[in-house]
Every structure is written in structure tokens, then in C-alpha cells.
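Here are a few warm-up exercises to work through with the model open in your viewer. Try each task before you read the solution.

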Amino acid sequence: MCMAVIIKKGYFVEGNAHSDKLIITESVIDAMSVMSVLKQNYLDHRSFHYLPMAGVGKEECISKKISQKGIREVYLALDNDSAGRKAAEQIKEHLMEQGMQEQRIHECFPDAKDWNEEIQTASNEKIMKDALAFYPSGTEKCHKMEQGNQSHVVEKYMKSYTRKL
């Protein structure tokens, strides 16, 4: 069950009870777009919590959710513009100051301006590659949705894609 909770100066969309991963976006529509990228590729979008910041500069809000939910991995899925990149740097610095290891902070920028534009303009192959950005360890911790033969195709593609990296 996915539950949205309004918190001071931001929103929070709760993933499943076992999730220790957080995707941070600039807007609610970007969070929904990232969910669509994952779901379209038969990956479980519910294995992440989502924090759309309604803009940038909400480090206190991020820290609060990380401590409340026991977050171990953070994905910065911010806009691909100067404000988004600057915010990603600031958030990364803040998280590292709070004790999070750098290898647990992942930057996931779309090629387009934002994630909503990405799903509107990118090819299916590009969307699949986008989805894999949220699974940096390949299939090791991939919680894919069981959708018949499609999940096998995604798993096979993920193995070949991660070998190329």
C-alpha cells in the first residue's frame, strides 16, 4: 500500500514496510514519473520511499525522513538544470555531514529537463536504462514485479547492462 503523507515543506510517499531506499525529486509529478519509469520496466516502484520537495533546499526535511524510516540509500532524482545539479551537490554534502557514506548517495539525472519530460520524450530503451539507474548493484537487490516473461527479459537486460558499466 502506498501512502502519501504531507510533511512540513514537502510531501512523503511511503513505499513498502521493508524499504530502506529514498528517491528525492523536486516535484510530485517527477516522483510519479520515476514511479512510472520503474513500473513500466516491471521493477517494483514500491520498494522505494519518495520525497518530492516542492522545489529545492529542504535538507532538514530529508534528514528527518532518513532517520524516521531507517534509510540506507538515497537517490537524487532532481531536475537536469543548474538548480537541480546545485541542489544535488548541497544535499549530498548535507547527507555526508550527517554520516551517510558517499557510495550510498546516487545521482540520477534524466537526459531531459526533468523526469516528467523524460518519460514523454525518451524511447523505451532509454526508459529501461533510466530504470536501471535506481538499481546500481544490478540484479542483486532488484525487487522486480512478477509479470510473466517480461521480468525475465528485464533481469537478462540488467545483467548485460551492468556488465557494460
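Helices here are DSSP runs of H or I with at least four residues, strands are DSSP runs of E with at least two, and both are numbered from the N terminus. Keep in mind that this is a predicted model.

**Exercise 1. Write down the order of the elements from the N terminus on, and say how many helices and strands there are.**

Solution. Start at the N terminus and walk along: the elements run β-β-β-α-β-α-β-α-β-α-α-α. Tallying up gives 6 helices and 6 strands. For some context on the whole chain, 47% of the 165 residues count as buried. Now take contacts between residues at least 6 apart in sequence: 72% of them join residues at least 24 apart. The accessible surface comes to about 8900 Å², and carbon and sulfur atoms own 48% of that.

**Exercise 2. How do strand 3 and strand 4 run, and how many bridges join them?**

Solution. Find strand 3 at residues 21–25; 4 bridges join it to strand 4, and the two run parallel. One of the pairings to look for is Leu22 with its bridge partner His49 in strand 4. Next, trace the connection: the chain leaves strand 3, passes through helix 1 and arrives at strand 4, a β-α-β crossover that is right-handed.

Then check the side chains of strand 4. In a regular strand, side chains alternate between the two faces of the sheet. Here His49 and Leu51 point one way, while Tyr50 and Pro52 point the other way. All four are buried.

**Exercise 3. Where is Tyr42, and is Tyr42 buried or partly exposed?**

Solution. Look in the loop between helix 1 (28–40) and strand 4 (49–52), and there's Tyr42. Its relative accessibility is 24%. Buried means under 20% and exposed means over 50%, so Tyr42 counts as partly exposed. Finally, pick Ala131, which is 89 residues away from Tyr42 along the chain: the C-alpha atoms of the two are separated by 9.5 Å.

**Exercise 4. Which residues make the nonpolar surface patch, and which element gives the largest share?**

Solution. Select Tyr11, Val28, Ile29 and Met32: together they make a nonpolar surface patch of about 340 Å². Helix 1 supplies the largest share, with 3 residues. Zoom in on Met32, which sits in helix 1. Because its relative accessibility is 46%, Met32 counts as partly exposed.

Methods
Residues are numbered from 1 along each chain as its sequence is written. This is a predicted model: local features need pLDDT of at least 70, side-chain atom pairs count only at pLDDT 80 or more; totals for chains, interfaces and linings use all residues. Side-chain values use heavy atoms; hydrogens and water are left out. Buried means under 20% relative accessible area, exposed over 50%, partly exposed in between (1.4 Å probe, protein chains only). Two strands pair if DSSP finds at least two bridges between them. A crossover is right-handed if, with the strands pointing away from the viewer, the path from the first strand over the helix to the second runs clockwise. Patches are made of residues with over 30% relative accessible area and no salt bridge: like charges are joined within 9 Å, nonpolar side chains (Val, Leu, Ile, Met, Phe, Trp, Tyr) within 5 Å. Accessible areas come from the Shrake-Rupley method with a 1.4 Å probe; for residues, only the protein chains shown count as cover. A salt bridge is a side-chain nitrogen of Lys or Arg within 4 Å of a carboxyl oxygen of Asp or Glu. Contact means heavy atoms within 4.5 Å.
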